[in-house]
Amino acid sequence: MNGTMTATGTAAVTLQVALVAAGAPLLAGLMRQVRALLEGRVGPGVTQPWRDLRKLLRKEAVTPAGTGSAFRLGPLVLVATTAVVAALVPLASTATPVSGSADLILVVALLALGTVALALAGLDTGTAFGGMGASREMTVAALVEPTILLAVFALSIPAGSTNLSAIVSGGIHDPVRLASPAGLLSTAALAVAVLAETGRLPVDNPATHLELTMVHEAMVLEYAGPDLALVELGSQMRLTVLLGLLASLSAPWGIATTASPAALVLALVLLALKVALLGAALAAAEVFWAKLRLFRVPELLAGSFLLALLAVTASYFLTGE
Amino acid sequence: MSLLRKIRETGRVAEDAPPRPAGDPPPGAAELAGSAHVRCIDAGSCNGCEIEIAAAFGPVYDAERYGARLVASPRHADVALVTGAVTRNMAEPLRRTVAAMPRPRLVVAVGDCAIGCGEFAGGHGVEGAAGDVVPVDLQVPGCPPEPERIVAALRVVTGR
C-alpha cells in the first residue's frame, strides 16, 4: 500500500468517526423535530441536543453515595466502544487501514461491551430502578445480539467472509445479492434488532417519564452533568452507527471502495443523507407505534431472530454451494 | 391510515411565539444557554397547577420549542417546578429533590400556593410556602397560573 492510499484511508476513518460524533446529536435533534412537526408542535430545532450537551458539560458532576468505579467508567466505556465501532464499520469507505479488523463478531462484541458497561453502572447505583433497568437491558441484549450476528452471517455466506468491509464491497459489486431472499430477510431482521438495541419504539420509549416502563432511561437516572452528557452522546452515536450499518449493508451505493479523495467526500455526504433519511423515517413511524408490553418484547425479538435464521438458511441453500 | 389523515388535516396546532418576556434571568440561568431540563415537584398541590404545566408542554403552547424539556430524574434537571403549599410530609422530599439536582440549579415556585400558601395558609398539615423550605429563584403567580405565564418563566430561564 503506497503513501497516498494510506493517507486517504486514515482520513476516511478519522472523518467517519468525526461525522458520527458530530452528527449523532443532530440526528437525535432531527428525529425529535420530525416527531414535533407531526404532533402539530414547532419543536426546538435540530441543534437542541447539542445545546443540551453543551449545558450538561458545564454542570457539576455528581457522584451518588455508595457508587464505585463501574458507575464512573460506564459512560466512558460506552462512548469509547461506540467510537471504535464507528471507526471499524465500513460506513464511508471499505479501503481503510482498519478494514481488515472490521470483523462482524468484533463489532457485535464491542456493542455488547458498551451495553454491559452501562448495565453494570445501573446496578452500581444500588437503586431499585437502576437494577430493574439493567435487568431489562440485559434481557433485551441477550435476544438482540444473536439476531444481529445471524442476520449479518446470512450476508457473509455469499461474501465468504465475516469481514464487514468484504460483505459491503461484495454488495456494491454484486447488487443482486441485496435483493435476494436472504438479503431482504436479513435486512428486516437487522432493522428490528437495531430498534431494540438502540432503545426505540416499540421496544423502549425514549421519551418516557414513567419509571416502570423504562428500559434504557432507568439505568441512567442517577447520572448528572458531564457523565450524563457522555451517556447521551454514547446512545446517540450508537443509533447513528447502527443506522449507518443498516444503510451500508442494505443500500451500499456510494461507499468508497478505492482510496480516492473525491469518492470519499461523496461517500461521506451520501452517508449523512442515508442516515438522516432512515432516522426521519423511523421518527415518523414511531408516531404510529405504541410501546410493546415488556413481556411481549421477546416475541418480537424471537420473530426477528426467526427472520435472521430463515435468511441464513435461504442464503445457504440458494447460493448453491 | 386515519391517523395520517388526521395529521395532515390538523397541521400545526402550536400558536405563534409571543415576544420574548422581559425580565432579568436569575443567576445561573446564563450557564444553561438555551436548554433547561425541568423536573416537576408536587409538594401538596390540588393538581390545578399540574394541569396548567401539562398544557404548557402540550402542542398549543409548546414550551419545548424554547429549549425546555420535562425529564424523569432530578439528577438530569436544571429547573425544579414546585407546585402547591408544602405539606409536612413533602418538606423533606422537596429538600432532598432540590439537593439531588446538580448546580447550577433553579427553583421556580408555580402558583399562589407555592408562593404564599394561598388558600391553604395556616392549615394544620402545611409546613409553609416553597420559599420557606428551599431557596426560590423565580415565581409564577396565579391560581392556577395560565400556561402562557409558565412558558414565559421558562423562557426567562432558557433566554430564548
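Two strands pair if DSSP finds at least two bridges between them. Keep that in mind as you work through this predicted model.

**Exercise 1. Which residue of E5(B) stands opposite Leu81(B)?**

Step 1. Start with the two strands: E3 covers residues 79-83 of chain B, and E5 covers residues 106-110 of chain B.

Step 2. Look at how they pair. E3(B) and E5(B) run in the parallel sense and share five bridges. In general, the strands of a sheet pair through backbone hydrogen bonds, either parallel or antiparallel.

Step 3. Now find the partner: Val108(B), in E5(B), stands opposite Leu81(B).

**Exercise 2. In what order do the strands of the open sheet in chain B lie?**

Step 1. Five strands form the sheet, and their order is E2-E1-E3-E5-E7 in chain B. The pairing is parallel.

Step 2. Find the edges. Strand E2 (68-70) and strand E7 (138-140) of chain B each pair on one side only, so they are the edge strands.

Step 3. Check the twist: on average, neighbouring strands of this sheet are turned by 30° against each other, direction ignored.

**Exercise 3. Which strands of chain B do helices H3 and H7 touch or lie across?**

Step 1. Take helix H3 of chain B, residues 48-56. This helix lies across E1 (36-42), E3 and E5 of chain B, and runs at about 140° to E3(B).

Step 2. Move on to helix H7 of chain B, residues 147-158. Helix H7 packs on the sheet and touches E1, E2, E3, E5 and E7 of chain B. Its direction makes about 160° with that of E7(B).

**Exercise 4. How many helices and how many strands does chain A have?**

Step 1. Count the elements: chain A has twelve helices and zero strands.

Step 2. Consider the overall form. The radius of gyration of chain A is 19 Å, close to the 20 Å that the globule rule gives for 321 residues, so chain A is as compact as a globular protein of that length. Along its principal axes, the C-alpha trace spans about 55 × 45 × 45 Å.

Step 3. Look inside. Of the 321 residues in chain A, 53% are buried. Among contacts in chain A with a separation of 6 or more, 82% join residues 24 or more positions apart.

**Exercise 5. What percentage of residues 262-288 of chain A is helix?**

Step 1. Turn to the record: an unreviewed UniProt entry lists several spans of chain A as "transmembrane region", including 104-126 and 262-288.

Step 2. Read off the span: residues 262-288 of chain A are 100% helix and 0% strand, with end C-alpha atoms 40 Å apart.

Step 3. Set another span beside it: residues 104-126 of chain A are 91% helix and 0% strand, and their end C-alpha atoms lie 34 Å apart.

How values were computed:
Residues are numbered from 1 along each chain as its sequence is written. Chains are lettered from A and ligands numbered from 1 in the order in which they are written. This is a predicted model: local features need pLDDT of at least 70, side-chain atom pairs count only at pLDDT 80 or more; totals for chains, interfaces and linings use all residues. UniProt positions are given in the numbering used here, feature names are shortened, and annotations may be inferred rather than shown by experiment. Helices (H or I, at least four residues) and strands (E, at least two) are DSSP runs, numbered from the N terminus. The radius of gyration is taken over C-alpha atoms; the globule rule is 2.2 Å times the number of residues to the power 0.38. A residue is buried if 20 or more other C-beta atoms lie within 10 Å of its own, exposed if 12 or fewer, and partly exposed in between; C-beta atoms are placed from the backbone. Two residues are in contact if their C-beta atoms, placed from the backbone, lie within 7 Å. Axes are lines fitted to C-alpha atoms, for helices over the stretch in contact, and angles run from 0 to 180 degrees between N-to-C directions.
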